[in-house]
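Biologist: Got a minute? I'd like to go through this one with you.

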Amino acid sequence: MNHPRTSRPHLRTVSITGVGSCVPDRVLSNADLERLVETSDEWITTRTGIRERRIAGDGQATSDLATEAARRALADAGVRAEDVDLIIVATVTPDMPFPSTACLVQHRLGATRAAAFDIEAACSGFVYALDIASHFVASHTYDVVLVIGAEKMSSVVDWTDRNTCVLFGDGAGAAVLQNRPSAHGLLTTCLGSDGGKASLLELPAGGSACPATAETVAARRHYLRMDGKETFKNAVNAMVTAANHALGRCGIGIERIQCIIPHQANQRILTAVAERLGARPEQVFSNVEKYGNTSAASVGIALDEAVKSGRIRRGDLVLLVVFGAGLTWGAAVIEW
Ligand code: UT7
């Protein structure tokens with residue numbers, strides 16, 4: 001097997017040594033949505049595979065979910081918060097524009113030595129953060145990096161728009177990255193973007209281009225908007241391209257991957273990606289029916305569930321593949 005990271009002697013390998021996740025207790029079922037907008041359980045399940053999603057409680061922010069997921073990941077790795085060197089939070093729903101959600105998490109964890117910053121790559125955020133984090137560990141800059149994907153999508157969903165409100169949910173997933181000399185760990189990551197298609201999925205107001213005013217609020221421009229059909233097509237193409245690129249860089253065929261964890265956007269997207277990659281359905285991990293699309297959190301939550309349930313074991317080859325607003329996409333191949 002070709003291991004690009006280990007072929008450069010001054011770099012060290014990077015492993016995920018702990019995972020954790022946190023979803024809110026409150027469940028919003030398709031039946032509940034039938035009472036909010038003109039939709040049906042039948043439409044939602046056949047078009048998306050989603051049956052329910054978790055919604056944060058009043059006063060529960062992205063940083064609350066992120067902190068809890070991080071605590072669980074640190075416990076899983078057997079690492080103390082004081083030993084964390086860097087915290088990266090991937091989110092499109094930070095607690096506020098600034099300070100960063102990562103700084104709020106750093107304080108609550110008691111990660112007194114850690115630097116902290118947020119990144120924004122929408123639903124691709126977890127793999128983007130993983131890629132960034134891995135370079136700090138590989139280059140000996142830091143020993144322990146905490147990567148968290150966390151979202152409170154319910155705060156930016158337009159609950160009067162049936163095209164989007166049935167799709168999203170809240171949650172957080174976290175991973176601890178360290179060098180584990182006995183493992184190859186992260187074999188490769190690859191990322192991509194296409195800002196030419198930014199308008200397919202956006203939250204138009206509230207930034208410097210269109211600051212918040214009474215008019216922007218009245219026009220509901222602080223909620224996310226999506227061209228679902230175009231986004232769907234782009235998602236499948238980009239995820240297939242990213243996955244093939246990552247696998248090609250490692251010289252690994254799809255048949256050797258024990259667990260594929262795609263961004264949990266829609267079961268039809270997961271199925272289409274698997275078919276186009278030539279993967280068997282049982283290789284693909286899916287929990288979209290329980291949580292819907294949790295954006296940057298989705299791969300982290302799925303990874304945690306796959307590991308804790310024994311679906312991923314030490315030595316397994318794992319493929320993460322993501323797609324999101326931006327447009328952004330990415331893939332990672334990991335020897336667990
Ligand atoms: O996280 C990364 C980014 N997001 C995604 O990857 C999501 C990508 N897109 C999708 O998953 C799908 O496009 C959707 C699930 C959003 C929509 O599925 P679709 O098969 O593309 O449906 P559509 O948008 O073509 O809508 C079909 C019909 C429309 O009615 P008409 O115009 O044919 O009369 C919609 O108005 O379904 C209607 N519709 C609904 N009906 C009942 C749209 N949403 C709903 C709904 N309940 N919730």
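**Around the ligand**

Modeller: Start with Trp43: a polar atom of its side chain is 3.2 Å from an oxygen atom of the ligand. Keep in mind that this is a predicted model.

Biologist: OK. How far is the polar side-chain atom of Arg268 from a ligand oxygen?

Modeller: That distance is 3.4 Å for Arg268.

Biologist: And what about the side chain of Asn293?

Modeller: An N or O atom there lies 2.6 Å from an oxygen atom of the ligand.

Biologist: How much of the ligand does the protein cover?

Modeller: The ligand on its own has 940 Å² of accessible area. The protein covers 76% of that.

Biologist: How many residues surround the ligand, and which are the closest?

Modeller: There are 23 around the ligand. The closest are Thr39, Arg47, Lys229, Asn266 and Asn293.

Biologist: What classes of residue make up that shell?

Modeller: The shell has 10 nonpolar residues, eight polar ones and five charged ones.

Biologist: Which helices supply at least two residues each?

Modeller: Four of them are on the list. They are helix 2 (41–48), helix 6 (162–165), helix 8 (228–250) and helix 9 (267–277).

Biologist: Which one gives the most?

Modeller: Helix 8 does, with four residues in the shell.

Biologist: Which domains does the shell draw on?

Modeller: Domain 1 (15–181) and domain 2 (186–335). Each gives the shell at least three residues.

Biologist: Where does the ligand's space rank among the pockets?

Modeller: The ligand takes up the second largest pocket.

Biologist: New topic: the backbone. Is the bond from Phe98 to Pro99 cis or trans?

Modeller: The Phe98 to Pro99 peptide bond is cis, and its omega is near 0°.

Biologist: Where does Pro99 lie?

Modeller: Pro99 is in the loop between strand 4 (86–90) and helix 4 (101–109).

Biologist: What about the bond that joins Gly326 and Leu327?

Modeller: That peptide bond is cis too, with omega about -10°. Leu327 sits in a loop as well, between strand 12 (317–324) and strand 13 (328–335).

Biologist: Last one. Is phi of Arg220 positive or negative?

Modeller: Phi of Arg220 is positive, near 60°, and this residue is not a glycine.

Biologist: Where is Arg220 found?

Modeller: Look at the loop between helix 7 (214–218) and strand 10 (225–226). Arg220 is there.

How values were computed
Residues numbered from 1 in each chain as written. Predicted model: local features only at pLDDT ≥ 70, side-chain atom pairs only at ≥ 80, totals over all residues. Heavy atoms only, no water. Near = heavy atom within 4 Å. Polar contact = N/O pair within 3.5 Å; in protein donor to acceptor, adjacent residues only side chain to side chain. Areas by Shrake-Rupley, 256 points an atom, 1.4 Å probe, with all protein chains shown as cover. 1 Å grid on protein atoms, 1.4 Å probe; cavity = no way out; pocket = protein on both sides within 12 Å on 5 of 7 lines; lining within 4 Å. Sits in = over half its atoms within 2 Å of the grid points. Nonpolar A, V, L, I, M, F, W, Y, C, P; charged D, E, K, R; others polar. Domains from an automatic or database assignment.
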